[in-house]
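Visitor: I have not seen this one before. Can you walk me through it?
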Amino acid sequence: MRPFLYSRATSLEQAMSEAAQSHAAIMAGGTTLVDLMRGDLTGAEHVIDIGHLPGLAKVELDGPVLRFGALARMADVAELPFLKQNYPALVESLQLAASQQIRNAATLGGNLLQRTRCVYFRDGVSDCNKRVPGSGCTALDGEDREMALFGASDRCVATYPGDWGTALAAFDTSIEISSAAGTKTVKFADFHVAYGDDPARESILQPGEIVTAILVQATPAGRHSTYVKVRDRQSYAYAVTSAAVALELDGDRVTAARVSLGGVASKPWRAPAAEAALVGQVLNQAVALEAGRAAFADAKALRHNGFKIDLGARTVARAAMVAKGKH
Amino acid sequence: MDINMGNGGIGVPVVRRDAMAKVLGVAQYAADFPHENTAYAALTLSKVARGRISRLDTAAAEAVAGVRMVLTHRSLNESLGDETFVMKGGHMQSSFLPLTSDEIHYAGQIVSLTIADTLEAAEEAARLVAIDYAREAASASMDDAGLTEEPADSGIDVGDAEAAFAAAEVKVDATYVTPAQHHNPIELYAASAAWQDGKLLINLPSQWVMGTRAGLAKVFGIPIEDVHVESPYVGGAFGAKASILPHVVLVAMAARRLGRPVKLVVPREAGFTVGSFRPAARSRVRLAATRQGKLTAVMHDEVGQSAVIDHVAFAGMEATSKMYASPNIRMRAATVATDVNSPGFMRAPAEAPSFFGFESAMDELAVALGIDPVELRIMNEPARDPVSGLPWSSRLLVECYRRGAALFGWSDRNPKPGSMVAADGTLIGYGCATATYPSAMAPSSARVRLSADGSCVVYCAAHDVGTGAYTVLGQVAADVLGVPDELVTVEMGHSRHPSGPVSGGSITTGSAGSAVHMAARAVRERLFATVAAGQDRSKMTLADRHVVLPDGSRRAISDIIGGLPGGVIEEHADWKPTDMDDKTMQQGLAGGMAFAGPVGGTHVSFSFGAQFAEVRIDPLLRTIRVARMVGVFACGRIINPRTARSNLMGGMIWGASSALLEESQIDRARGRFANTDLASYHFAANADVGEVVVEMLDEHDSVVNAIGTKAVGEVGIVGMPAAIANAVYHATGVRVRKTPILMEDLL
Ligand SMILES: Cc1cc2nc3c(=O)[nH]c(=O)nc-3n(C[C@H](O)[C@H](O)[C@H](O)COP(=O)(O)OP(=O)(O)OC[C@H]3O[C@@H](n4cnc5c(N)ncnc54)[C@H](O)[C@@H]3O)c2cc1C
C-alpha cells in the first residue's frame with residue numbers, strides 16, 4: 001500500500017491545522033478509512049487520528065437541541081435509554097448498521113462520511129468518476145441493482161449507504177463544523193452533495209474542517225419514529241431500501257410527518273411528497289402505501305433497480321405504520 | 001463387518017481434537033509458519049478479461065525501496081515441467097499458468113508477482129507495475145450472445161424418454177438457473193515456500209498434500225521426495241484448495257530464484273480469480289407421470305458454464321438419473337466456454353446446481369398431480385438403480401422422508417399455496433427435497449503405532465479441512481485397539497506421512513478411515529500373536545488397554561509391548577476399494593486422482609437425505625427468512641455423530657445461503673466478477689439461520705467398505721435450495737426457477 005504518515009492529534013487545533021494540508025485524511029474509528037486506504041481509494045498521505053481527542057464524544061440530550069459529539073461511538077449511542085424511548089428511529093438506524101464489533105469502534109461523525117459501496121468505485125479498477133474524474137461510470141451498463149433512483153446522473157448512479165444519515169434526514173438536523181476559521185453550523189440537507197452533481201465530492205467539507213457535533217432539534221415526533229431497513233441478508237448488510245418516518249399524531253390523524261429514504265439515493269433523501277401525503281390523513285395501510293408511492297413518484301430507474309420503486313414505497317408504508325404504533 | 005463396538009471409539013460424539021487449539025489461536029495455519037528471512041509477495045491482476053499485454057513497465061515498481069523482484073511474463077522466462085489441469089489427470093487448478101505468456105484469458109488473471117522485504121513495499125510496488133492492454137471482446141457470462149453449447153458427454157439413455165414424455169398424461173417442462181458462486185473460505189489462499197539444498201518445503205492450505213507434492217515435483221523437475229507439503233490446519237476449503245493454484249507455483253519459483261523464503265497471502269478480492277469457482281448452470285427438466293403419480297419419463301438437460309482455457313463439466317445427472325424409478329430416462333450435459341478463470345470443485349459440484357432444478361421440478365409435478373410432494377417421491381422409490389439395474393449398497397431414502405416428515409410436522413401442511421398465514425400476516429411455506437451424494441472412495445495408506453503406555457499415533461497424509469477428520473480417524477484406531485480416545489494422536493496434512501487421498505468427494509472417512517482401520521487391525525494382530533502364540537485369535541478381544549484371552553484372563557498392553565524391542569508396535573497399511581485394481585491403487589497412492597464408485601461391479605453406493613424447510617415471508621416487503629430446516633440422512637455408519645451433524649448442518653446452512661443470497665455477479669460488459677468482496681458477496685449470517693435439525697438414521701451398509709461409512713461431507717447442501725424454493729412457492733404461489741431467490745422475485 002501507499003506509504004503514509006500517521007499522527008495522533010493531541011488537540012483539535014492541531015488536528016485542524018494538519019488536516020488543512022493536501023492529501024491529509026482525518027481518522028476517527030478508522031472502520032471506513034482503513035478499508036478505503038487498503039483499496040487505494042483515498043490518496044491519503046497523512047492520516048491524522050482524532051479518535052482519542054477528549055470532549056468530542058459527549059452526547060447531550062436534555063436541551064431543546066440534542067447534541068451528539070462527532071466521536072461518540074455508534075454502539076454507545078444505540079444504548080442510550082432516553083434515545084431509545086424518545087427517538088427510536090435514531091437508535092434503530094444505528095442498531096441495524098454494520099456489526100456490533102464495527103459499531104464499537106465506529107463514530108457518528110465517521111458514519112456520516114462513509115463512502116458509497118458501489119462495487120465499481122470500490123474495486124479500484126473499473127472506470128469511475130468518483131475515483132478518477134472524467135473516466136466514466138461503469139455502473140451505467142453494469143450491475144445496477146444497488147444503484148440510485150434519486151440524485152443520480154449519467155456521471156454517477158451510486159447510492160449513499162449510511163443508515164444513521166438517512167434517519168437524521170427525518171429530523172431537523174444540522175452539522176457543526178470546526179476549522180481554524182472558527183465554528184459554523186450547516187443544515188444537514190446541505191451537508192452531503194448528491195453524487196450525480198459532482199461524483200468526486202460527497203460533502204461540503206473542506207480540507208482543515210472537522211465535524212465536531214451533530215445537532216438534532218428536539219421534537220415530539222421522535223417518539224413516533226422508526227427506521228425500517230430492508231435487505232437481502234438479515235444482518236450485516238446495507239439497505240436495499242430503507243425509510244425513516246417520524247410522526248406527530250392527533251389520535252390516528254397525522255398532524256406532522258417527516259419521511260426520509262435510504263438505499264435509493266445518492267445522499268440521505270427526504271421525501272416531502274410522502275410527508276404531504278400523510279399530513280391530515282387518518283393513517284392506515286392504504287394511506288401509508290399512498291404516501292410511499294408519492295415518495296417514489298419522481299424516481300428514475302435503471303435496468304435492474306426498478307423494483308426498488310415498488311419495494312421502497314412498501315418500505316415507507318411499513319415504516320409509517322410502525323411509527324404510528326410506537327408510543 | 002468387523003467393528004469392535006465395546007470400546008466406545010466408534011459412534012461416540014467425541015469433541016474435536018483440534019477444537020481447543022483453534023479456539024485458543026495456537027493452531028498454526030499455512031500463513032502462520034515462520035520461515036526465517038521471509039520475503040513477502042503481492043499480486044498485480046489483469047484489469048481486462050481478454051487480450052494481450054501491450055506495454056509493461058516495472059521501473060517504478062522496482063524503484064520502491066526493499067523490492068527484490070518483479071516477476072512478470074517477461075522475467076519468468078523459464079521452462080517448467082508440463083503438469084496439467086486437475087480434471088485432465090494432473091494437479092493444477094488450471095491448464096493455463098499466468099506469467100507464461102502475454103495473453104490475458106480472464107479478468108483478474110495474475111500479471112505480476114512482486115517480492116519485497118516487507119509486505120507494505122511489495123503491495124506498493126505491485127500497485128506501480130504499469131501495464132497497458134490490447135483489449136479484446138470477452139464473454140464471462142454463458143448468457144452472452146454468440147456463444148455455443150458443446151455436448152459434454154454422451155448422455156444417459158434408458159428406454160425412450162422422448163416418446164414417453166410426448167405420450168404422457170401429466171408433465172412438467174421447466175428450466176432452472178443457478179449462478180456462479182465462490183467458496184470464500186474464511187482462511188485466504190496462501191503459500192509460503194522455502195528451498196533448501198534443492199528441496200522445496202511449502203506451507204499452504206491444502207486438501208491434497210500428496211497431489212500437490214506430485215504436481216510441484218513435476219513442475220519443478222525434481223524428485224517427488226524432494227517436495228514437502230505441509231497443511232496441518234485448513235480454515236475452510238470446500239473444494240477450492242484441492243488442486244495447485246497458480247500463485248503456489250509462482251511463489252515457489254520466486255523463492256528458488258531469490259534463494260530466500262517467499263510468502264504470499266492472496267487478498268479476498270484476488271481469491272475470486274486466482275482460485276476456482278462454482279460455474280453457472282441451466283437445467284431443463286422434463287418429467288412425465290401417470291395420473292396416479294408414477295413417473296414415465298425423466299429428462300434432464302444441463303448446460304454448464306465452462307472456461308475457454310479449460311473444459312469443465314459438472315452436470316449432476318449421474319445422481320438425478322438414479323433418484324426415481326422410471327422406465328424412460330434421458331440425460332444430456334453440455335457446456336458453454338466463457339472467458340473466466342477455470343471453474344472447479346465446490347461443495348457438491350455437480351449435485352448442488354442440478355438438484356435445485358431437478359427437485360424443484362419434482363415439486364412442480366406434485367402440484368400438477370395434486371399429490372403430496374413427500375408421497376410422490378416415496379411412490380417412485382426405485383428398488384434398484386434405474387440406470388445400471390444394480391442393487392444399492394444401502395438406500396434408506398423412504399425412511400429419511402418418513403422420519404423427516406414426522407420431525408418437521410409435515411402433516412400440518414395445508415397444500416394450498418398461500419394458505420398458511422401467521423397471526424401477523426406472515427406467509428408460511430413448507431417445502432421438501434431429496435438430497436443425495438455418491439459414496440466414492442480412493443486408495444489410502446496409514447501407519448498406526450501403539451506404545452506400551454497405551455498411547456497410539458495414527459499417521460496419514462489426509463487432511464482435516466475443518467470437518468473433524470482428526471477426531472474421526474482417531475476414533476477408528478481407538479475402537480480397534482481398545483484404547484481411550486484421549487490416548488490417540490492423529491498426524492495428518494503432511495506429505496511425509498503415509499499417502500492419503502484428496503479431501504474431496506466426501507471420501508476421507510471411508511478411505512483414510514479404512515486404511516487406519518486396516519493398520520490398526522494389523523497392530524492388534526501382532527499384539528495377539530505376541531501375547532499368546534497358538535491361541536485362537538478370533539476369540540481374543542482388546543478392551544481398556546488389556547488383551548482379553550479366550551479363557552477370560554487379561555494381559556496388560558503395557559506388559560506385552562514393554563517387552564518388545566523398541567517398545568512399540570507399528571504397522572503400515574495400504575488400503576484400496578474392493579473394485580479397484582492394483583495399478584490404479586498405486587497411481588492413487590503416488591498422488592494421482594484414483595476414485596472407485598459410486599457405481600461398482602456389484603452395487604451402487606450413495607448417501608441419501610430428505611430435507612425440509614419452513615420459510616416465512618413478509619407479506620408487504622416480501623423478504624424471505626428460513627425459519628426452520630430439518631434434514632434426515634442415511635450415510636451408513638456414523639463414526640462421530642457430533643462431527644457428522646456439524647458437516648450436515650453446515651451443508652444445510654450453505655444450501656439456505658445459496659437459495660437466498662449467494663451469487664457471483666458477472667459484469668457482462670467488462671467480462672468480470674463484480675462483487676468480489678464479502679460486503680457485496682453475501683452469504684448467510686447467523687441471523688439468517690433459524691432452527692436446524694439434523695438426524696442420521698442408523699444405517700448398516702455391509703458392502704460399501706469395512707467400516708460401513710458412506711459420504712457425509714457434501715450431501716447436506718444438495719436438497720436445501722430446492723426445498724426452500726418449494727417452500728417459497730407454497731407460501732406465495734410464485735414459482736421462482738433461479739437462485740438466489742430475492743425479494744424482487746416475489747413483489
Ligand atoms: C463491513 C462493514 C459493514 C458496514 N455496514 C454498515 C451498515 O449496514 N450501515 C451503515 O450505516 N454503515 C455501515 N458500515 C459503515 C460504518 O458504519 C462506518 O465505517 C463507520 O460508521 C465509520 O466511522 P469511523 O469512526 O470508523 O470513521 P473513519 O473510518 O475513521 O472515517 C470515515 C470517513 O470520515 C472522515 N471523518 C471521520 N470523522 C470525521 C470528523 N469528525 N470530521 C471530518 N471527517 C471525519 C474520515 O476522514 C473518513 O473519510 C459498515 C462498515 C463496514 C466495514
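Guide: We can go through the domains, then a sheet, then a pair of helices.

Visitor: What kind of model is this, and how are residues numbered?
Guide: It is a predicted model, where local features need pLDDT of at least 70, side-chain atom pairs count only at pLDDT 80 or more, and totals for chains, interfaces and linings use all residues. Residues are numbered from 1 along each chain as its sequence is written, chains are lettered from A and ligands numbered from 1 in the order in which they are written, and side-chain values use heavy atoms, with hydrogens and water left out.

Visitor: Which domains does chain B have?
Guide: Chain B has domain 1 (19-27 + 442-589), domain 2 (33-138 + 190-265) and domain 3 (348-439 + 600-746). The bounds come from an automatic or database domain assignment.

Visitor: How far apart are the C-alpha centres of domain 1 and domain 3 of chain B?
Guide: They lie 36 Å apart. In domain 1 of chain B, 16 residues are in contact with 16 residues of domain 3 of chain B, contact meaning heavy atoms within 4.5 Å.

Visitor: And what about chain A, how is that divided?
Guide: Into domain 1 (1-52) and domain 2 (221-324).

Visitor: Now the sheet. What is the strand order?
Guide: In chain B, an open sheet of 7 strands runs 3-5-1-13-10-11-12, with mixed pairing. Strands here are DSSP E runs of at least two residues, helices are H or I runs of at least four, and both are numbered from the N terminus. Two strands pair if DSSP finds at least two bridges between them.

Visitor: Which strands stand at the edges?
Guide: Strand 3 (67-71) and strand 12 (227-230) of chain B; each has a single partner strand, so one side of each is left without a neighbour in the sheet.

Visitor: How do strand 10 and strand 11 of chain B pair?
Guide: Strand 10 (residues 190-196) and strand 11 (residues 199-203) of chain B are antiparallel, over 5 bridges. Trp195(B) has Leu200(B) in strand 11 as its bridge partner.

Visitor: Different topic: at what angle do helix 13 and helix 14 of chain B pack?
Guide: Helix 13 (residues 469-481) and helix 14 (residues 508-531) of chain B pack at about 30 degrees, with axes 9 Å apart. Axes are lines fitted to C-alpha atoms, for helices over the stretch in contact, and angles run from 0 to 180 degrees between N-to-C directions. That makes helix 13 of chain B roughly parallel to helix 14 of chain B, a term for angles under 35 degrees.

Visitor: Which residues meet there?
Guide: Among them are Val472(B) and Val476(B) in helix 13 of chain B, and Ala512(B) and Val516(B) in helix 14 of chain B.

Technical notes: Parallel < 35°, antiparallel > 145°, perpendicular 65-115°, else oblique.
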